[in-house]
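The following paragraphs lead through the binding sites of this structure and then through some features of its backbone. Please keep the sequence and the model in view while reading.

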Amino acid sequence: MSDVLILAIESSCDETAASVVKNGREVLSNVIFSQIDLHTVYGGVVPEIASRKHIEKIDHVVNQALEQAGVTWSDIEAIAVTYGPGLVGALLVGVSYAKSLAWALKKPLVGVHHIEGHICANYIENKELEPPFMCLVVSGGHSHLVKVADYGVYEILGRTRDDAAGEAFDKVARAIGLGYPGGPKIDKVSYEGDPLAIDFPRAKVADNEYDFSFSGLKSAVLNYLNSMEMKGEKISQADVAASFQQAVVDVLVSHSITALAEYKFDKFAIAGGVASNSHLRDAFVKACDEKGIKFYKPSPIFCTDNAAMIGVAGYYEYMKGMRSGWDLNAVPNLKLGER
Ligand code: KG4
Ligand code: ZN
């Protein structure tokens with residue numbers, strides 16, 4: 001059988017990315033233009049600026065992906081693109097660009113779910129990983145505990161009731177003056193702090209033990225900061241960061257380990273931007289080791305937004321016969337498992 005090369009495009013938030021993926025598992029190129037510096041001054045992603053920058057960069061990023069892979073358009077079998085969830089204007093840039101390419105080059109078009117992409121990032125460096133397994137997806141917009149029953153077949157076991165894990169990282173980082181993007185900054189500064197310094201709450205959701213809630217934790221951090229200010233006491237940025245992060249890590253690990261036992265999985269993967277958190281990765285290595293569960297984690301570059309993961313997900317959808325029409329549209333709140 002000849003090789004199947006997919007050109008993938010990702011533009012759902014503040015990364016303009018393109019990649020060429022071979023047979024769903026081998027990344028031939030992975031080009032990412034990060035807009036983080038542009039948004040940092042505003043303390044978060046500004047949708048209008050993100051869309052405009054995607055338009056400026058996408059053509060160059062796609063051409064670089066082909067060049068770095070050492071291939072030409074005739075080698076590409078299909079074009080995969082993220083069509084949701086994400087910022088509508090940002091998504092539309094990638095979707096319109098991919099549709100035009102597919103139309104002009106007469107190649108099949110495959111619309112990919114961004115979260116499915118995050119999960120599929122695990123296939124890149126773990127050639128032996130196959131479904132079924134359980135995956136914790138923790139990104140800026142999502143905290144999902146997912147049963148990966150088969151390629152492209154997902155069942156959500158738990159989800160966040162309010163803030164996503166990454167959102168909580170970003171909001172707490174802003175409150176303690178670390179700025180945007182919060183996750184990597186809290187990760188780093190926590191090495192200088194004491195994770196047991198402040199006892200922040202580990203929230204449980206009464207009617208589903210696998211659901212998450214992070215807004216209470218965020219409020220607890222804000223209350224702590226207020227009360228310290230009222231008392232005129234100085235806070236330790238590193239202690240607050242480390243203690244907050246420990247509360248998030250504890251909840252993510254305990255929910256996952258309970259679900260792994262309940263559903264009898266022996267394979268567990270993590271995905272999404274927060275999955276690049278070094279403390280979370282270490283905690284899962286330890287917890288999974290104790291329980292005899294095989295643990296998978298993508299390298300940090302495949303955890304945060306990239307197009308290689310979209311190429312992997314696109315490959316499996318393509319091989320199943322999935323094709324998108326010229327009416328493919330951006331779907332900002334697309335649910336996992338929906339088309
Ligand atoms: O998956 P992602 O790149 O984009 C979305 O699909 O949302 O995730 C971005 C989120 C941000 O909230 C960012 O603060 C968080 O992932 N993040 C981290 C780390 N690196 C990125 N959170 C904790 N620790 C990190 N090292
Ligand atoms: Zn993402």
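In this predicted model, ligand 1 is surrounded by 19 residues, and the closest are Gly140, Asp170, Asp187, Gly273 and Asn277. Three of these residues may be examined through their polar contacts with the ligand. At Gly140, a backbone N or O atom lies 2.8 Å from an oxygen atom of ligand 1. Gly273 likewise places a backbone N or O atom 3.0 Å from an oxygen atom of ligand 1. Asp187, by contrast, uses its side chain: a polar atom there lies 2.9 Å from a nitrogen atom of ligand 1. On its own, ligand 1 has 550 Å² of accessible area, of which the protein covers 88%.

Where does ligand 1 lie with respect to the pockets? The space that ligand 1 takes is the largest pocket. Three elements each give two or more residues to the shell around the ligand, namely α4 (114–120), α6 (165–175) and α7 (182–189). In composition, the shell around ligand 1 consists of 12 polar, 4 nonpolar and 3 charged residues.

A second site holds the zinc ion, which is ligand 2. Its protein donors are His114 through NE2, His118 through NE2 and Asp305 through OD, at 2.0 to 2.1 Å from the ion. Along the chain, these donors follow the spacing H-x3-H-x186-D. The site thereby links distant parts of the chain: His114 belongs to helix α4, whereas Asp305 is in the loop between α11 (300–303) and α12 (308–319), and the two are 191 residues apart. Helix α4 thus appears in both sites, as it also gives two or more residues to the shell around ligand 1.

The backbone itself deserves attention at several loops. Most residues other than glycine have a negative phi, and most peptide bonds are trans. Against that background, the bond that joins Gly84 and Pro85 is a cis peptide bond, with omega about -10 degrees. Pro85 has its place in the loop between β4 (78–84) and α3 (88–105). Another cis peptide bond joins Pro131 and Pro132, where omega is about 0 degrees. Pro132 is found in the loop between α5 (122–125) and β6 (133–138).

Which phi does Lys106 have? Although Lys106 is not a glycine, its phi is positive, at about 55 degrees. This lysine, Lys106, is found in the loop between α3 and β5 (109–113).

Definitions and conventions:
Residues numbered from 1 in each chain as written. Chains lettered and ligands numbered in written order. Predicted model: local features only at pLDDT ≥ 70, side-chain atom pairs only at ≥ 80, totals over all residues. Heavy atoms only, no water. Near = heavy atom within 4 Å. Polar contact = N/O pair within 3.5 Å; in protein donor to acceptor, adjacent residues only side chain to side chain. Areas by Shrake-Rupley, 256 points an atom, 1.4 Å probe, with all protein chains shown as cover. 1 Å grid on protein atoms, 1.4 Å probe; cavity = no way out; pocket = protein on both sides within 12 Å on 5 of 7 lines; lining within 4 Å. Sits in = over half its atoms within 2 Å of the grid points. Helix = DSSP H or I, 4+ residues; strand = E, 2+ residues; numbered from the N terminus. Nonpolar A, V, L, I, M, F, W, Y, C, P; charged D, E, K, R; others polar. Donors = N, O, S within 2.8 Å, 3.2 Å for Na, K, Ca; no water.
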